[in-house]
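Subject: Structure handover

Hi there,

Here is the structure I promised to pass on to you. Have a look at it first, and then read on for what turned up in it.

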Amino acid sequence: MVVLDSGGLTRLSERSRQAAALIEALATEGLWPPRVPTPVLVESLRGDPGKDALVNRFLKTCDVVEEIPEALARRAALFRTRARTGSAVDAIVVAVAEPGGLVLTSDKGDLRALAGHARDVRVEPI
């Protein structure tokens with residue numbers, strides 16, 4: 001499974017050849033659609049339909065994770081405590097990717113620190 005943070009969501013929603021090639025590669029590997037936890041939307045959207053159009057269109061191709069169960073939130077909190085870095089949104093992204101998921105991000109530092117405390121979560125820059 002692939003999970004996107006705000007940077008990953010923004011980059012893949014761009015109309016670029018690079019984004020299209022990555023989407024095609026993920027689909028070929030059976031890693032499509034990506035999961036996007038709803039807290040990521042807070043960081044990615046502006047509340048302006050015109051400025052949000054590309055992201056909104058892209059989100060229609062994603063599996064938006066609307067529910068954050070208490071156990072998942074507690075797991076994310078544990079990652080933040082152990083890593084001593086990262087936002088709550090970043091920690092939720094890593095927790096959603098657990099176990100065995102891949103997080104695509106434009107800011108790998110905090111996410112890799114958080115993933116270091118998760119079960120089999122990889123973080124790759126996009």
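Let me start with a loop: Arg84 sits in the one between helix H5 (70-83) and H6. Its backbone caught my eye, as Arg84 has a positive phi near 60° although it is not a glycine. For context, most residues other than glycine have a negative phi, and most peptide bonds are trans. Please keep in mind throughout that this is a predicted model.

The two helices on either side of that loop also pack together. H5 and H6 meet at an angle of about 115°, and their axes lie 8 Å apart. Their crossing is right-handed. On the H5 side the contact is made by Leu72, Ala76, Phe79 and Arg80, and on the H6 side by Ala88, Ala91, Ile92, Val94, Ala95 and Val96. Sorted by class, those residues come out as nine nonpolar, no polar and one charged.

H6 has another partner. Helix H6 (residues 88-97) packs against helix H7 (residues 108-115) at an angle of about 55°, with 9 Å between the axes. That angle makes H6 oblique to H7. Here, too, the crossing is right-handed. H6 contributes Asp90, Ala91, Val93 and Val94 to the contact, while H7 brings Asp110, Leu111, Leu114 and Ala115. In this contact of H6 with H7, six residues are nonpolar, none is polar and two are charged. Ala91 and Val94 of H6 appear in the contact with H5 and also in the one with H7.

Past H6, the loop leading to strand E4 (102-105) holds Pro99. The peptide bond that joins Glu98 and Pro99 is cis, with omega about -15°.

There is another cis bond to check, this one from Trp32 to Pro33, where omega is near 10°. Pro33 belongs to the loop between H2 and strand E2 (35-37). Just after H2 there is also Gly30, with a positive phi of about 75°. As for H2 itself (residues 17-28), its twelve residues should span 16 Å at 1.5 Å a residue, and the end C-alpha atoms are indeed 16 Å apart, so the two values agree.

Now for the overall picture. How many helices and strands does the protein have? There are seven helices and five strands. Read from the N terminus, the elements follow the order β-α-α-β-α-α-β-α-α-β-α-β. The radius of gyration is 14 Å, close to the 14 Å that the globule rule gives for 126 residues, so the protein is as compact as a globular protein of that length. The C-alpha trace spans about 35 × 30 × 25 Å along its principal axes.

That is everything from my side. Happy browsing!

Best wishes

Note on methods: Residues are numbered from 1 along each chain as its sequence is written. This is a predicted model: local features need pLDDT of at least 70, side-chain atom pairs count only at pLDDT 80 or more; totals for chains, interfaces and linings use all residues. Side-chain values use heavy atoms; hydrogens and water are left out. Axes are lines fitted to C-alpha atoms, for helices over the stretch in contact, and angles run from 0 to 180 degrees between N-to-C directions. Helices (H or I, at least four residues) and strands (E, at least two) are DSSP runs, numbered from the N terminus. Angles under 35 degrees count as roughly parallel, over 145 as roughly antiparallel, 65 to 115 as roughly perpendicular and the rest as oblique. A crossing is left-handed if the near helix is turned anticlockwise from the far one by less than a right angle, and right-handed if clockwise. Contact means heavy atoms within 4.5 Å. Ala, Val, Leu, Ile, Met, Phe, Trp, Tyr, Cys and Pro count as nonpolar, Asp, Glu, Lys and Arg as charged, and the others, Gly among them, as polar. The expected span of a helix is 1.5 Å times one less than its number of residues. The radius of gyration is taken over C-alpha atoms; the globule rule is 2.2 Å times the number of residues to the power 0.38.
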